[in-house]
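Subject: Structure for your files

Dear colleague,

Here is the structure I said I would pass on. My notes on what was found in it follow below.

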Amino acid sequence: MAECEVPGSSVSLVARKYGISSSLLFRWRQLKESGGVSGLQAVKAVVPESEVQALKAQVRELQRLLGKKTQEAEILREVARWERVRNKERAQVRWRFTVQSARTKLGRAYPWAQAAAAAA
């Protein structure tokens, strides 16, 4: 890059001298002027864009999972509160589904059971 800045030299001459594309040298010069080289001189390591994108996707997935787990924890807390109230009141289950009502309601779904009950 320094050879391109020497008076009397051009990017095309330097590119031909080293057998590389002049557009590549122009791109390098553009990156240098925009501060792209400062990343290489910085103390921090340079990370490829693909790795950055993969890490961003991983963060999004972890945030989604965290939201899901937070929602599950809230549901469990609500159930625990409900359970404490029910236990405190000593609530009991009131079964309203008798054998006779089961035979009546489910007879259409299980005709063989209804026939067996009638035969017995």
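**Nonpolar surface patch**

Met-1, Tyr-18, Ile-20, Leu-24, Trp-28 and Leu-31 make up a nonpolar patch on the surface, and together they have about 500 Å² of accessible area. Please bear in mind throughout that this is a predicted model. Helix H2, residues 22–34, supplies the largest share of the patch, with 3 residues. Tyr-18, another patch member, belongs to helix H1, which covers residues 11–18.

**Overall make-up**

The protein has 6 helices and 0 strands. Along the sequence the pattern reads α-α-α-α-α-α. Of the 120 residues in the protein, 7% are buried. The accessible surface is about 10900 Å², and carbon and sulfur atoms account for 59% of that area.

**Core and helix H1**

Which residues form the largest nonpolar core? It consists of 5 residues, namely Cys-4, Val-11, Val-14, Ala-15 and Leu-25. H1 contributes the most to this core, with 3 residues. As background, nonpolar side chains in soluble globular proteins tend to be buried together.

Within H1, the residues Val-11, Val-14 and Ala-15 are buried. Viewed down the axis of H1, the buried residues fall within an arc of 100°, so they line one face of the helix. Arg-16 and Lys-17, on the other side of H1, are exposed. What do the buried residues of H1 pack against? Their packing partner is H2.

Val-11 shows this in its contacts. Neighbours within four places in sequence aside, Val-11 touches Cys-4, Ser-22, Leu-25, Phe-26 and Arg-29. Of these contacts, Cys-4 and Leu-25 are also members of the core.

Just after H1 comes Gly-19, which has a positive phi of about 70°.

**Arg-29**

Arg-29 is located in helix H2. Its relative accessibility is 29%, so Arg-29 counts as partly exposed. With neighbours within four places in sequence left aside, Arg-29 is in contact with Met-1 and Val-11. Arg-29 therefore has one contact in the nonpolar patch, Met-1, and another in the core, Val-11. Glu-5 and Arg-29 are 24 residues apart in sequence, and their C-alpha atoms are 9.8 Å apart in space.

**Salt bridges**

How many salt bridges does the structure hold? There are 4 salt bridges. In general, side chains of opposite charge can pair when their charged atoms come close.

One of the salt bridges joins the side chains of Glu-61 and Arg-64, at 2.7 Å from N to O. Both residues sit in helix H4, residues 49–88, where Glu-61 and Arg-64 are 3 residues apart, about one turn of the helix. Glu-61 is partly exposed at 36% relative accessibility, and Arg-64 is partly exposed at 46%.

Another salt bridge in H4 pairs Arg-77 with Glu-74, with 3.0 Å between the closest N and O atoms. Arg-77 and Glu-74 are 3 residues apart in H4, again about one turn of the helix. The relative accessibility of Arg-77 is 42%, which makes Arg-77 partly exposed. Glu-74 has a relative accessible area of 35% and is likewise partly exposed.

Glu-74 has a further partner in Arg-81, and the side chains of Arg-81 and Glu-74 meet in a salt bridge at 3.6 Å, N to O. Arg-81 is partly exposed, at 40% relative accessible area. Through the partners they share, the salt bridges link Glu-74, Arg-77 and Arg-81 into one network.

**A positive phi at Arg-90**

Most residues other than glycine have a negative phi. Arg-90 is not a glycine, yet Arg-90 has a positive phi of about 50°. Where is Arg-90 placed? Arg-90 lies in the loop between H4 and helix H5, which runs over 99–106. Is Arg-90 buried or exposed? With a relative accessibility of 71%, above the 50% cut-off, Arg-90 counts as exposed.

Regards

Notes
Residues are numbered from 1 along each chain as its sequence is written. This is a predicted model: local features need pLDDT of at least 70, side-chain atom pairs count only at pLDDT 80 or more; totals for chains, interfaces and linings use all residues. Side-chain values use heavy atoms; hydrogens and water are left out. Patches are made of residues with over 30% relative accessible area and no salt bridge: like charges are joined within 9 Å, nonpolar side chains (Val, Leu, Ile, Met, Phe, Trp, Tyr) within 5 Å. Accessible areas come from the Shrake-Rupley method with a 1.4 Å probe; for residues, only the protein chains shown count as cover. Helices (H or I, at least four residues) and strands (E, at least two) are DSSP runs, numbered from the N terminus. A nonpolar core is a set of buried Ala, Val, Leu, Ile, Met, Phe, Trp, Tyr and Cys residues joined through side-chain atoms within 4.5 Å. Buried means under 20% relative accessible area, exposed over 50%, partly exposed in between (1.4 Å probe, protein chains only). Contact means heavy atoms within 4.5 Å. The arc is that of the directions from the helix axis to the C-beta atoms.
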